[in-house]
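Take a look at the sequence and the 3D structure below. The tour that follows picks out a handful of places and looks at who sits beside whom.

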Amino acid sequence: MNTRSLDENFIVNAYNRFEVEIASGSNSLIYDSDGREYIDMGSGIGVNLFGAADEEWRNAVIAQLEKIQHTSNLYYNEPCARLAEMLCKRSGMSRVFFSNSGAEANECAIKAARKFSADTKGDNYFTIITLWNSFHGRTITTLAATGQEHYHELYQPLTPGFVHAHAGNIDELEKLSQENKLAAIMIECIQGEGGVVALTHEYAEAIKKFVREKNILLIIDEVQAGNGRTGKLFSYEHYGFEPDIVTVAKGLGGGLPIGATLFNAKVQNVFNHGDHGSTFGGNPVICAGACNILSRIDDDLLNEVTRKGEILREILADFNPTGIGLMLGVKPSRPSREAAQECINNGVLCTTAKDKLRLLPPINIPESLLVKAGKVIAQACK
Ligand code: PLP
């Protein structure tokens with residue numbers, strides 16, 4: 001059987017795959033099993049931050065792999081500790097908990113917010129506000145956090161304790177705070193899966209005031225928009241937010257699974273021994289790779305991301321580009337999946353988000369490839 005038949009016969013039917021079997025890649029170029037070349041404008045949904053098989057990252061991973069592949073969290077391991085230090089120094093946060101995915105990083109944030117709130121305010125203050133159109137993961141709890149009803153329908157009952165607000169509606173925040181005993185508000189600054197929709201600065205200011213006045217925690221989900229993708233290390237920096245908890249995943253691992261939940265000084269002591277845990281979290285091989293990735297997201301690269309984002313925006317100006325930096329959404333005149341298929345036919349891989357094409361290229365994509373891909377995408381949007 002070929003790969004497609006094996007997949008269809010043995011893998012649960014949860015994915016609507018495109019007709020491409022990815023075989024290999026080299027930075028921003030991807031090759032399929034027939035040897036066709038594609039420019040990568042999706043990076044595996046924002047994961048391969050420095051593209052496919054990036055040499056520096058690969059060397060860091062292999063060097064650790066040759067020492068030991070896994071340790072468990074019963075013992076110390078250096079790459080994990082080093083990555084935690086780097087994350088804290090770069091973000092100004094105080095402590096990190098490592099896990100394996102964005103959903104798990106958010107689960108950890110939610111557990112921490114509930115516990116912190118119970119410890120400081122009392123047991124009933126557990127409700128978390130999230131935004132309509134958000135996406136926070138696919139576990140039962142992070143689905144409950146996700147403000148999209150179509151994700152909820154199949155899996156009732158979801159974890160209680162979440163209410164949703166419409167981004168931009170400032171009065172609604174007040175109403176929700178009167179109706180609920182709140183622990184936190186959790187937001188994406190740019191809703192990725194929701195169609196690459198950035199918060200307005202006015203609403204961001206309202207959230208800042210709200211968390212201050214109501215004494216609740218601010219959790220920011222940087223799973224998709226973090227790791228330099230928007231031209232800042234974290235997208236919340238565009239808004240001047242000072243979050244209590246930040247969740248990171250996807251690109252941080254450069255292509256290997258990682259989740260990280262960052263706590264500020266106020267929340268840093270929320271967990272004691274045994275309160276939370278993960279078998280694979282902090283895996284030394286993945287953390288060694290992530291240290292390499294994070295060390296390379298410097299000011300020069302971030303400025304390049306901003307510049308390249310502007311180039312792409314200009315090429316796609318007719319299609320109402322949304323988002324920031326190299327996290328862009330454009331609206332084709334046809335269903336987004338059809339437009340994505342036409343991109344594939346013309347040698348470009350990109351992802352969709354609702355009625356948009358969602359562009360998340362490797363953040364070091366060469367300008368010439370970006371321009372070439374941008375033109376293919378523009379054609380597909382017509
Ligand atoms: N949060 C955001 C903003 C995401 O975009 C995603 C995934 O797309 C998640 C959380 C869930 O991450 P994962 O699929 O790694 O669990």
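## An arginine that reaches across

Let's start with R90. Setting aside residues within four places in sequence, R90 is in contact with L233, L294 and I297. Keep in mind as you look that this is a predicted model. R90 belongs to helix α4. Is R90 buried or partly exposed? R90 counts as partly exposed because its relative accessible area is 35%, which falls between the 20% and 50% cut-offs.

Now look at what the R90 side chain does. It reaches the backbone oxygen of L294 at 3.2 Å. A polar atom of the R90 side chain also lies 2.6 Å from the backbone oxygen of I297. In sequence, R90 and L294 are 204 residues apart, but their C-alpha atoms are 9.1 Å apart in space.

## Two helices crossing

R90 is also part of a helix pair: the contact between α4 and α10 includes R90 on the α4 side and L294 on the α10 side. Helix α4 covers residues 78-91, helix α10 covers residues 284-296, and their axes come within 8 Å and cross at roughly 30°. The crossing of α4 past α10 is left-handed.

Which residues make this contact? From α4 come P79, C80, R82, L83, M86, L87 and R90. From α10 come P284, C287, A288, A290, C291, L294 and S295. Sorted by kind, the residues of this contact are 11 nonpolar, one polar and two charged.

## A loop with buried residues

Next, find the loop between β10 (217-221) and β11 (245-248), where N227 sits. N227 is buried, because its relative accessible area is 2%, and the cut-off for buried is under 20%. Not counting residues within four places in sequence, the contacts of N227 are L49, L233, F234, V248, A249, G251, L252, I297 and I363. With A249, there is a polar link too: a polar atom of the N227 side chain lies 3.1 Å from the A249 backbone oxygen.

G228 is in the loop between β10 and β11 as well. How accessible is G228? Its relative accessible area is 0%, so G228 is buried. Beyond its neighbours up to four places away in sequence, G228 touches L233, I297, L302, V305 and I363. Take L302 as an example: G228 and L302 are 74 residues apart in sequence, and their C-alpha atoms are 6.2 Å apart in space.

## Around the ligand

Time to visit the ligand. Its surroundings are made up of S101, G102, A103, N106, F135, H136, G137, E188, D221, V223, Q224 and K250. Zoom in on the oxygen atoms of the ligand for some short distances. One ligand oxygen lies 2.8 Å from a backbone N or O atom of G102. For A103, a polar backbone atom is 2.8 Å from a ligand oxygen. With Q224 the side chain is involved: one of its N or O atoms is 2.7 Å from an oxygen of the ligand.

H136, one of the residues around the ligand, is worth a closer look. You'll find H136 in the loop between β5 (127-131) and α6 (140-145). H136 is buried, since its relative accessible area is 2%. Leaving out residues up to four places away in sequence, H136 touches A103, N106, T130, T142, A145, T146, M186, I187, E188 and D221. Which side chain makes a polar contact with the side chain of H136? That partner is D221, at 2.8 Å.

## Unusual backbone spots

Most residues other than glycine have a negative phi, and most peptide bonds are trans. Here are some spots that go the other way. Q156 and P157 are joined by a cis peptide bond, with omega about -5°. P157 lies in the loop between α7 (149-152) and β6 (162-165).

Then there are two asparagines. N215 is not a glycine, yet its phi is positive, about 55°. You'll find N215 in the loop between α9 (201-214) and β10, and N215 is partly exposed, with a relative accessible area of 48%. N320 is not a glycine either, and its phi is positive at about 50°. N320 sits in the loop between α11 (299-315) and β13 (322-324). Why does N320 count as exposed? Because its relative accessibility is 51%, and the cut-off for exposed is over 50%.

Key:
Residues numbered from 1 in each chain as written. Predicted model: local features only at pLDDT ≥ 70, side-chain atom pairs only at ≥ 80, totals over all residues. Heavy atoms only, no water. Axes fitted to C-alpha atoms, helices over the stretch in contact; angles between N-to-C directions. Helix = DSSP H or I, 4+ residues; strand = E, 2+ residues; numbered from the N terminus. Left-handed = near helix turned anticlockwise from the far one by under 90°. Contact = heavy atoms within 4.5 Å. Nonpolar A, V, L, I, M, F, W, Y, C, P; charged D, E, K, R; others polar. Buried < 20%, exposed > 50% of the residue type's maximum accessible area, 1.4 Å probe, protein only. Polar contact = N/O pair within 3.5 Å; in protein donor to acceptor, adjacent residues only side chain to side chain. Near = heavy atom within 4 Å.
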